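Subject: Structure handover

Hello,

Here is the structure for you to look through. Please open it alongside the notes below.

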Amino acid sequence: MTMSYPRSFSHIGLSVTDLDAAVRFYTEVLGWYLIMPPTTLNEDDSAIGVMCTDVFGTGWGSFRIAHLSTGDRIGVEIFEFANAQRPENNFEYWKSGVFHFCVQDPDVEGLAEKIVATGGKQRMPVREYFPSEKPYRMVYMEDPFGNILEIYSHSYELTYSAGAYA
């Protein structure tokens, strides 16, 4: 068996109920770059149509998609499907799957306020990892579309390199 190496993170896909509002939120509040504006994809024999049928199966019809990029070149695909629904309980963290993503901003409180002011939700108070020792802070939020996001004040490596739970 050969040694594995750390793969780079390419992108994440988010489903929303309003693609135009999501593009505004993520570009205006988080400052992400719009790479491809909202576009409708149809179930057809085109290369992208066939690829989507491979993923979703037949009968998906059409959906809207936009592509964004974070400041560190991570892609964000945002999907709006025809039958889009916001789940009543969007925080089923005990179930397998992605339950949140995290962004980094030294002004955790300021970004949290912007998210709330634009229709999101703060799920907890801002907390410190090492109170009175290091300035690492975090908070769980919810975007206006029900996706759970976390905000860190410092990089992931810096936050955990000292053993955050010691």
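The notes go from the overall layout to the cores, the strands, one helix and a few single residues.

Please keep in mind that this is a predicted model.

**Overall layout**

The protein has four helices and nine strands. Along the sequence they come in the order β-α-β-α-β-β-β-α-β-β-β-β-α. The C-alpha atoms fill a box of roughly 60 × 50 × 30 Å along the principal axes. Of the 166 residues, 37% are buried. The accessible surface is about 10,500 Å². Carbon and sulfur atoms account for 53% of that surface.

Many contacts reach across the sequence. Take the contacts between residues at least 6 apart: 58% of them join residues at least 24 apart.

On charge, the protein has 12 positive and 22 negative charges. Their mean positions lie 6 Å apart.

**The cores**

The largest nonpolar core has 27 residues. Tyr26 and Ile151 have the most contacts inside this core. Several elements give two or more residues to it: strands E1, E3, E4, E5 (101-104), E8 (137-142) and E9 (148-152), plus helices H1 (19-28) and H3 (108-117). H1 gives the most, with six residues.

Which residues does Tyr26 touch, beyond its neighbours within four places in sequence? The list is Leu14, Gly31, Trp32, Leu68, Ile78, Phe101, Asp143 and Asn147.

There is also a second, separate core. This core has eight residues, including Phe91, Phe130, Tyr136 and Tyr140.

**Strands E1 and E5**

E1 covers residues 11-15, and its side chains alternate. Ile12 and Leu14 point to one face and are buried. His11, Gly13 and Ser15 point to the other face and are not buried. E1 pairs with strand E4 (residues 75-81) in the parallel sense, over five bridges. Within E4, Glu77 is the residue opposite Gly13.

E5 alternates too. Phe101 and Val103 are buried and point to one face. Cys102 and Gln104 point to the other and are not buried. E5 runs parallel to E9, and four bridges join the two strands. One link to look at is Val103, whose bridge partner in E9 is Ile151. Ile151 has already come up, as one of the two residues with the most contacts inside the largest core.

**Helix H3**

The buried residues in H3 are worth picking out on screen. They include Val108, Gly110, Leu111, Ala112 and Ile115. Some of these positions fit a simple rule. An α-helix has 3.6 residues a turn, so residues three or four places apart point the same way. The cover over the buried residues of H3 includes H1, E5, strand E6 (121-122), E8 and E9.

Ala117 is also in H3. Is Ala117 buried or exposed? Its relative accessible area is 66%, over the 50% cut-off, so Ala117 counts as exposed. Ala117 and Val29 are 88 residues apart in sequence. In space, their C-alpha atoms are 9.8 Å apart.

Just after H3, Gly119 takes a positive phi of about 105 degrees.

**Three more residues**

Ser69 sits in strand E3 (residues 62-69). Its relative accessible area is 13%, under the 20% cut-off, so Ser69 counts as buried. Leaving aside neighbours within four places in sequence, Ser69 is in contact with Trp32, Tyr33, Ile35, Ile74 and Gly75. Trp32 is also among the contacts of Tyr26.

Arg73 lies in the loop between E3 and E4. The phi of Arg73 is near 70 degrees, a positive value in a residue other than glycine. Arg73 is exposed, at 74% relative accessibility.

Where is Ser132? Ser132 is in the loop between strand E7 (127-128) and E8. Ser132 is not a glycine either, yet has a positive phi of about 65 degrees. With a relative accessible area of 82%, Ser132 is exposed.

Best wishes

Definitions and conventions:
Residues are numbered from 1 along each chain as its sequence is written. This is a predicted model: local features need pLDDT of at least 70, side-chain atom pairs count only at pLDDT 80 or more; totals for chains, interfaces and linings use all residues. Side-chain values use heavy atoms; hydrogens and water are left out. Buried means under 20% relative accessible area, exposed over 50%, partly exposed in between (1.4 Å probe, protein chains only). Contact means heavy atoms within 4.5 Å. Two strands pair if DSSP finds at least two bridges between them. A nonpolar core is a set of buried Ala, Val, Leu, Ile, Met, Phe, Trp, Tyr and Cys residues joined through side-chain atoms within 4.5 Å. Accessible areas come from the Shrake-Rupley method with a 1.4 Å probe; for residues, only the protein chains shown count as cover. Lys and Arg count as positive and Asp and Glu as negative; His and the chain ends are not counted. The place of a charge is taken as NZ of Lys, CZ of Arg, CG of Asp or CD of Glu.
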